[in-house]
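User: Please take a close look at the aromatic side chains of this model, and then place them within the rest of the fold. I would like to know which of them pair, how their rings are arranged and what surrounds them.

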Amino acid sequence: MSNVSESRNSKDEISNAELVRKSQFGDKAAFEQLVIRHQDLVFSLAYKLTGNREMANDVAQEAFIRAWKAIEKFRGDSTFSTWIYRITVNTAWTLRKKAKKHNTLNIDDTYEPIVIDEKKDPELVSIKSDLSSVLVNALDKIPIEQRIIVELKNIEGRSHKELSLIHIS
């Protein structure tokens, strides 16, 4: 595995790369540790892509299921986190298409209201609210493939190199 040199956080903590290797040999406990380490990031991305907590939970769960089924194919060309991000993006895209096809959920209408602390400067609150609305509306108008890249780059702070490894199907 060439580029899987994710470092250890402490002496006793096993690296993501080692957890991947163990998972590839069927170690469910190792994969569970990968899930625990990445579940917040995966859910956060899924929520940003769907705008809906229930759908984000479905996307995150499905992404980890797909990762487990494909862990043997993980070559290590990227870090596990980049790989699971790509799976999450593709899963969100697939589930979004299915939801629209079946008209069971209109994802575009499911954005939850932004909760703002009233104690903050009212002018700042107003500006943030206006900008947030403009951003959400603008993102809704671009194709999902472009929206995903914009959000990964500008909201998640992903590098161009990481973005180049994400293939949206």
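Analyst:
**Aromatic pairs and their surroundings**

Tyr-47 is partly exposed, with a relative accessible area of 22%. The model is a predicted one. Phe-43 is likewise partly exposed, its relative accessible area being 22%. Both residues take this label because partly exposed covers the range between the buried limit of 20% and the exposed limit of 50%.

A search of the whole structure returns five aromatic pairs. One of them joins Phe-43 and Tyr-47, whose ring centres are 6.1 Å apart and whose planes make an angle of 20 degrees, a stacked arrangement. The label follows because planes under 30 degrees apart count as stacked, and the pair qualifies because the limit for the centres is 6.5 Å. The two residues lie four places apart in helix H2, so about one helical turn separates them. An α-helix has 3.6 residues a turn, so residues three or four places apart point the same way.

Another pair is formed by Phe-74 and Trp-83, with 4.9 Å from centre to centre and 55 degrees between the planes, which is a tilted arrangement. An angle of this kind is called tilted because stacked planes are under 30 degrees apart and edge-to-face planes over 60. Phe-74 is buried, at a relative accessible area of 4%, and Trp-83 is buried as well, at 7%. Phe-74 and Trp-83 also belong with Phe-80 to one aromatic cluster.

The wider fold gives these rings their setting. The chain contains seven helices and zero strands, and its elements therefore read α-α-α-α-α-α-α from the N terminus on, helices being the runs listed. Of its 169 residues, 37% count as buried.

Helix H2, which holds the stacked pair, also contains His-38. His-38 is buried, at 5% relative accessibility. A polar atom of the His-38 side chain lies 2.8 Å from the backbone oxygen of Leu-34. This distance falls within the 3.5 Å limit for a polar contact.

Helix H2 (28-50) is also one of the elements around the internal cavity, together with helix H4 (80-102) and helix H6 (144-155), each of which supplies at least two lining residues. One cavity of 30 Å³ or more is counted, and the largest cavity has a volume of about 30 Å³. Its lining consists of Leu-49, Thr-50, Ala-92, Trp-93, Arg-96, Ile-144 and Ile-148. H4 contributes the most, with three residues. By character, the lining divides into five nonpolar residues, one polar and one charged.

From the cavity the view extends to helix H6, where Ile-144, Arg-147, Ile-148, Glu-151 and Leu-152 are buried. These residues lie on the same side of H6, because they cover an arc of only 125 degrees around the axis. Ile-144 and Ile-148 thus appear both in the cavity lining and among the buried residues of H6. Leu-152, also in H6, has a relative accessible area of 0% and is buried. Its C-alpha atom is 9.4 Å from that of Glu-162, which lies ten residues away along the chain. After H6 comes Gly-157, with a positive phi near 75 degrees.

Towards the N terminus, helix H1 has its own set of buried residues: Asn-16, Ala-17, Leu-19, Val-20, Ser-23 and Gln-24. Viewed down the helix axis, they fall within an arc of 160 degrees, so they line one face of H1. Gln-24 is found in H1, which spans residues 16-24, and its relative accessibility of 15% makes it buried. The side chain of Gln-24 reaches the backbone oxygen of Ile-71 at 3.0 Å. Just after H1, Gly-26 adopts a positive phi of about 90 degrees.

To return to the request, the two pairs described here differ in setting: Phe-43 and Tyr-47 are stacked and partly exposed, as given by 22% for Phe-43 and 22% for Tyr-47. Phe-74 and Trp-83 are tilted, with Phe-74 buried at 4% and Trp-83 buried at 7%.

Conventions: Residues are numbered from 1 along each chain as its sequence is written. This is a predicted model: local features need pLDDT of at least 70, side-chain atom pairs count only at pLDDT 80 or more; totals for chains, interfaces and linings use all residues. Side-chain values use heavy atoms; hydrogens and water are left out. On a 1 Å grid over the protein atoms alone, a cavity is a set of points where a 1.4 Å probe fits but cannot get out, and a pocket is an open set with protein on both sides within 12 Å along at least five of seven lines; lining residues have an atom within 4 Å of a point. Grid points are joined across faces, edges and corners, and a volume is the space filled by probe spheres set on the points. Ala, Val, Leu, Ile, Met, Phe, Trp, Tyr, Cys and Pro count as nonpolar, Asp, Glu, Lys and Arg as charged, and the others, Gly among them, as polar. Buried means under 20% relative accessible area, exposed over 50%, partly exposed in between (1.4 Å probe, protein chains only). A polar contact is a pair of N or O atoms within 3.5 Å; within protein, one must be able to donate a hydrogen and the other to accept it, and residues adjacent in sequence count only if both atoms are side-chain atoms. The arc is that of the directions from the helix axis to the C-beta atoms. Rings of Phe, Tyr and Trp (its six-membered ring) pair if their centres lie within 6.5 Å; planes under 30 degrees apart count as stacked, over 60 as edge-to-face and the rest as tilted.
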